[in-house]
Amino acid sequence: MNIELRPLDESNKEECIALKVAEDQEEYIATNESSLGAAEEHSEVARPFVIYADGKAVGFTMFAFEPDYEDPDDRYWLWRFMIDEKCQGCGYGKEALKQIIAYFKDNGATNIRLSTKESNVKAIHLYESAGFVRTGEMVDEETEFELKW
């Protein structure tokens, strides 16, 4: 399986918007369309990507990259991460997360933070299996996780 993170642009925007999470996951993640609005609003730090597996769009991710932010532990965030409902259960999420972590490392980050609802058990399992640990902090009623290297 070849997983690739391609920067979001006009050539893959509609493909990205068409990706949807399963109905029971909608409470955990914003739609890709609304995430693209957030990317435009925070264009100085947002880095949106479409996740491809063997050339097929299977997911979306967006990072916050702010290397000059005063708090070094709060500079790098995994803001969005989703795999299309039709592509879940195939290992794409696990492999995409490896690529996401590699991207952060390759671009000078020393850690990644993210937050999710405590009831998002599948996502928490995935994040913890990749080495993320709870920070003990909450972000807008979501549990915060961090991976350091």
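**Entry 1: the largest pocket**

I began with the largest pocket, which holds about 910 Å³ of space. I note here that the model is a predicted one. I then looked up the lining and found 36 residues, with Ile29, Phe81, Asn120, Ala123 and Tyr127 nearest the centre of the pocket.

Which elements supply at least two residues each of this lining? I recorded β4 (76–83), α3 (92–106), β5 (111–116) and α4 (121–129). Of these, β4 gives the largest share, with seven residues. By kind, I sorted the lining into 20 nonpolar, 11 polar and five charged residues.

**Entry 2: the nonpolar cores**

I turned next to the buried nonpolar residues. In soluble globular proteins, nonpolar side chains tend to be buried together. The largest nonpolar core in this model has 30 residues, and Phe63, Leu78, Phe81 and Phe132 have the most contacts inside it. I noted that at least two residues come from each of β1 (3–7), β2 (46–53), β3 (56–65), β4, α3, β5, α4 and β7 (142–148). The largest share of this core, seven residues, is supplied by α3.

Phe81 appears in both entries: it is among the residues nearest the centre of the largest pocket, and among those with the most contacts inside the largest core.

I listed the contacts of Phe63, leaving aside residues up to four places away in sequence. Phe63 touches Leu5, Val45, Ala46, Arg47, Phe49, Trp77, Leu78, Trp79, Ile100, Tyr103 and Phe104. Another core, of 15 residues, lies apart from the largest one; Val21, Tyr52, Ala57 and Met82 are among its members.

**Entry 3: the cysteines**

How many disulfides does a search of the whole structure find? I found zero. For Cys16, the nearest cysteine sulfur is that of Cys87, 13 Å away. Cys16 counts as buried because its relative accessibility is 0%. For Cys90, the nearest cysteine sulfur is again that of Cys87, at 6.5 Å. A disulfide requires the two sulfur atoms to be within 2.5 Å, so neither distance qualifies. Cys90 has 42% relative accessibility and therefore counts as partly exposed.

**Entry 4: Ala130**

Finally, I looked up Ala130, whose place is in the loop between α4 and β6 (133–139). Is Ala130 buried or partly exposed? Ala130 is partly exposed, because its relative accessible area is 30%. Its C-alpha atom is separated by 7.8 Å from that of Lys98, although the two residues are 32 residues apart along the chain. Not counting residues up to four places away in sequence, Ala130 touches Leu97, Ile101 and Leu147.

Notes. Residues numbered from 1 in each chain as written. Predicted model: local features only at pLDDT ≥ 70, side-chain atom pairs only at ≥ 80, totals over all residues. Heavy atoms only, no water. 1 Å grid on protein atoms, 1.4 Å probe; cavity = no way out; pocket = protein on both sides within 12 Å on 5 of 7 lines; lining within 4 Å. Points joined across faces, edges and corners; volume = space filled by probe spheres on them. Helix = DSSP H or I, 4+ residues; strand = E, 2+ residues; numbered from the N terminus. Nonpolar A, V, L, I, M, F, W, Y, C, P; charged D, E, K, R; others polar. Buried < 20%, exposed > 50% of the residue type's maximum accessible area, 1.4 Å probe, protein only. Core = buried A, V, L, I, M, F, W, Y, C linked by side-chain atoms within 4.5 Å. Contact = heavy atoms within 4.5 Å.
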